[in-house]
Amino acid sequence: MTVFFEIQSSQPEREVKFYSHIFGWTFIKDDTAPIELYRIDSTEILGCILKRPVEVPPKQFGTNAFVCSFEVENFDNALEVITHNGGQIIMPKFKVPNRCWQGYFLDQDNNAFGIFEMLKH
């Protein structure tokens with residue numbers, strides 16, 4: 001299974017600098033994505049920093065974490081299983097050009113996660 005993680009940020013360029021300093025990661029801005037997104041430039045690690053779509057939760061609301069996405073064989077089948085088992089769609093299926101189909105969900109405890117189906121080339 002391939003895992004892809006995302007770090008949401010209200011100021012993505014700030015986090016690009018931060019994680020570059022901490023881990024030595026380099027980033028590529030992906031202007032084809034439907035949101036402001038910076039991919040980690042690596043074949044060993046799959047991840048990105050993206051523009052947070054909502055306000056930063058207040059600190060008293062608990063952990064503010066980054067979202068992990070999991071590869072699935074068939075996005076639409078996984079979507080059906082997720083919603084049938086009480087999951088909620090928070091960002092509908094969209095295409096990341098030349099990469100995958102992506103979408104985001106909440107589990108029954110309001111934890112966000114993503115799934116993606118790699119595009120067949």
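The paragraphs below go through the cores, the aromatic pairs, one pocket and one loop residue of this predicted model.

The largest nonpolar core is made up of 11 residues: Phe 4, Ala 33, Leu 37, Cys 48, Leu 50, Val 67, Phe 94, Val 96, Cys 100, Tyr 104 and Phe 116. Three elements give two or more residues to this core, namely β4 (47–51), β6 (88–96) and β7 (100–106). A second core, separate from that one, has nine residues, and Val 16, Trp 25, Tyr 38 and Ile 40 are among them. Cys 48, a member of the largest core, has contacts that include Phe 4, Leu 37, Tyr 38 and Ile 40, when residues up to four places away in sequence are not counted. Cys 48 therefore touches Phe 4 and Leu 37, which belong to the largest core, as well as Tyr 38 and Ile 40, which belong to the second, where a contact is heavy atoms within 4.5 Å. The remaining contacts of Cys 48 are Phe 5, Glu 6, Ile 7 and Arg 39.

Aromatic rings form 10 pairs in the structure. In one of these, the ring centres of Phe 18 and Tyr 19 are 4.9 Å apart and the planes stand at 90°, so this pair is edge-to-face. Phe 18 has a relative accessible area of 41%, which makes this residue partly exposed. Tyr 19, at 16%, is buried. Tyr 19 also pairs with Trp 25: here the centres are 5.8 Å apart and the planes are at 15°, so the rings are stacked. Trp 25 is buried, as is Tyr 19. These residues are part of a cluster in which ring pairs link Phe 5, Phe 18, Tyr 19, Phe 23, Trp 25 and Phe 27. Another ring, that of Trp 101, has the charged end of Lys 93 over it, 4.7 Å from the ring centre.

The second largest pocket has a volume of about 350 Å³. Its lining counts 24 residues, and the closest to the pocket centre are Phe 4, Arg 39, Leu 46, Arg 99 and Cys 100. Of these, Phe 4 and Cys 100 also belong to the largest nonpolar core. At least two lining residues come from each of β1 (3–9), β3 (37–40), β6, β7 and β8 (112–118).

The loop between β6 and β7 contains Asn 98. Most residues other than glycine have a negative phi. Asn 98 has a positive phi, near 65°. The relative accessible area of Asn 98 is 63%, so this residue is exposed.

Notes
Residues numbered from 1 in each chain as written. Predicted model: local features only at pLDDT ≥ 70, side-chain atom pairs only at ≥ 80, totals over all residues. Heavy atoms only, no water. Core = buried A, V, L, I, M, F, W, Y, C linked by side-chain atoms within 4.5 Å. Buried < 20%, exposed > 50% of the residue type's maximum accessible area, 1.4 Å probe, protein only. Helix = DSSP H or I, 4+ residues; strand = E, 2+ residues; numbered from the N terminus. Phe/Tyr/Trp six-rings, centres within 6.5 Å; stacked < 30°, edge-to-face > 60°. Lys NZ or Arg CZ within 6 Å of the ring centre and 35° of its normal. 1 Å grid on protein atoms, 1.4 Å probe; cavity = no way out; pocket = protein on both sides within 12 Å on 5 of 7 lines; lining within 4 Å. Points joined across faces, edges and corners; volume = space filled by probe spheres on them.
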